[in-house]
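Reader: I would like to go through the labels attached to this structure one at a time, and to hear for each of them what it rests on. Could we begin with how exposure is judged?

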Amino acid sequence: MREAMKDFWWYAFTSEGRDTRTQFWPPMILSVAIWMLICWLIWWLDERFYSPGEGMSIGLLFFCVPSFFILVWACFSGFIRRLRDIGISEKRYVVIQGICSIAYLPFLIVYIISGFTQTALSDTLFQLGASGFFIIMGVLLLISLLPTDWALKRK
């Protein structure tokens with residue numbers, strides 16, 4: 001477990017190599033759980049001692065948001081290594097990631113045209129984009145459950 005966690009973060013920004021299921025899942029789940037625990041602790045301390053009920057604090061803003069993007073980058077990099085282990089080209093992943101990005105494009109256009117105000121149309125488009133994104137991410141996570149060289153064995 002320790003070795004898998006070290007490799008997960010050592011190759012977090014390179015996408016080199018391959019990850020088996022045991023090299024991918026435990027470090028990813030543990031990393032997300034630790035991040036959520038730290039963010040919850042910052043939120044709890046903030047609500048308890050500093051600004052109860054006043055929204056997001058500076059601690060949450062400066063720790064949780066940047067660390068979220070680092071964690072997502074590391075998980076996506078691990079996911080590419082996992083796809084390579086399954087035998088699926090990472091080029092397909094780039095196409096899927098492009099589809100996820102395009103799903104939010106109508107929301108962004110409406111949001112910018114409306115002068116950055118929240119409207120019923122922008123809310124609906126955001127929800128549709130988010131739904132598409134989470135469906136695609138769910139399918140990708142199910143794909144990452146496949147065994148090593150699964151795609152190569154099917155040919």
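Author: A residue is called buried when its relative accessible area is under 20%, exposed when that area is over 50%, and partly exposed in between. Please keep in mind throughout that this is a predicted model.

Reader: What makes Leu141 count as buried, partly exposed or exposed?

Author: The relative accessible area of Leu141 is 34%, and because buried means under 20% and exposed means over 50%, a value in between is partly exposed. Leu141 is therefore partly exposed. This residue lies in helix 6, and, leaving aside neighbours within four places in sequence, Leu141 is in contact with Trp25, Met28 and Phe79.

Reader: How do you know whether Ser77 is buried or exposed?

Author: Ser77 has a relative accessible area of 2%, and since the cut-off for buried is under 20%, Ser77 is called buried. The residue is part of helix 3, and the residues it touches, not counting those up to four places away in sequence, are Tyr11, Ala12, Phe13, Thr14 and Ser15.

Reader: Why is Val94 given the label it has, buried or exposed?

Author: Val94 sits in helix 4, which covers residues 90-103, and its relative accessibility is 52%. Because exposed means over 50%, Val94 counts as exposed. As for its position relative to Ile80, the two are 14 residues apart in sequence and 9.5 Å apart in space, C-alpha to C-alpha.

Reader: Which residues of helix 1 are buried, and how do you know that they line one face?

Author: In helix 1, residues 2-10, the buried residues are Ala4, Met5 and Phe8. Seen down the axis of helix 1, these buried residues fall within an arc of 100°, so they line one face of the helix. On the other side of helix 1, Arg2 and Trp10 are exposed.

Reader: What makes the pair of Trp40 and Trp44 stacked?

Author: The structure holds seven aromatic pairs. In the pair of Trp40 and Trp44 the distance is 6.3 Å centre to centre, with 25° between the planes. Because rings pair if their centres lie within 6.5 Å, and planes under 30 degrees apart count as stacked, the pair of Trp40 and Trp44 is stacked. Both residues lie in helix 2, four residues apart, about one turn of the helix. A general point bears on this: an α-helix has 3.6 residues a turn, so residues three or four places apart point the same way.

Reader: How exposed are Trp40 and Trp44?

Author: Trp40 is at 44% relative accessibility and counts as partly exposed, and Trp44, at 33%, likewise counts as partly exposed. Both labels follow because partly exposed is the range between buried, under 20%, and exposed, over 50%.

Reader: Why is the pair of Phe68 and Phe69 described as stacked or edge-to-face?

Author: The ring centres of Phe68 and Phe69 are 5.6 Å apart and their planes stand at 70°, so the pair is edge-to-face, the cut-off for that label being over 60 degrees. Phe68 is partly exposed, with a relative accessible area of 34%, whereas Phe69, at 54% relative accessibility, counts as exposed. Elsewhere, ring pairs link Phe24, Trp25 and Phe79 into a cluster.

Reader: What makes up the lining of the largest pocket, by class?

Author: The lining has 17 nonpolar, no polar and no charged residues. Phe68, Val72, Cys75, Phe76 and Met137 lie nearest the centre of this pocket, and about 530 Å³ of space lies in it. Helix 2 (21-50), helix 3 (58-86) and helix 6 (120-143) each supply at least two lining residues, and the largest share, seven residues, comes from helix 3.

Reader: How far is Trp44 from Leu141 in space?

Author: Trp44 and Leu141 are 30 Å apart in space, C-alpha to C-alpha, and 97 residues apart in sequence. The C-alpha atoms of Trp44 and Arg81, which are 37 residues apart along the chain, are separated by 35 Å.

Note on methods:
Residues are numbered from 1 along each chain as its sequence is written. This is a predicted model: local features need pLDDT of at least 70, side-chain atom pairs count only at pLDDT 80 or more; totals for chains, interfaces and linings use all residues. Side-chain values use heavy atoms; hydrogens and water are left out. Buried means under 20% relative accessible area, exposed over 50%, partly exposed in between (1.4 Å probe, protein chains only). The arc is that of the directions from the helix axis to the C-beta atoms. On a 1 Å grid over the protein atoms alone, a cavity is a set of points where a 1.4 Å probe fits but cannot get out, and a pocket is an open set with protein on both sides within 12 Å along at least five of seven lines; lining residues have an atom within 4 Å of a point. Grid points are joined across faces, edges and corners, and a volume is the space filled by probe spheres set on the points. Ala, Val, Leu, Ile, Met, Phe, Trp, Tyr, Cys and Pro count as nonpolar, Asp, Glu, Lys and Arg as charged, and the others, Gly among them, as polar. Contact means heavy atoms within 4.5 Å. Rings of Phe, Tyr and Trp (its six-membered ring) pair if their centres lie within 6.5 Å; planes under 30 degrees apart count as stacked, over 60 as edge-to-face and the rest as tilted.
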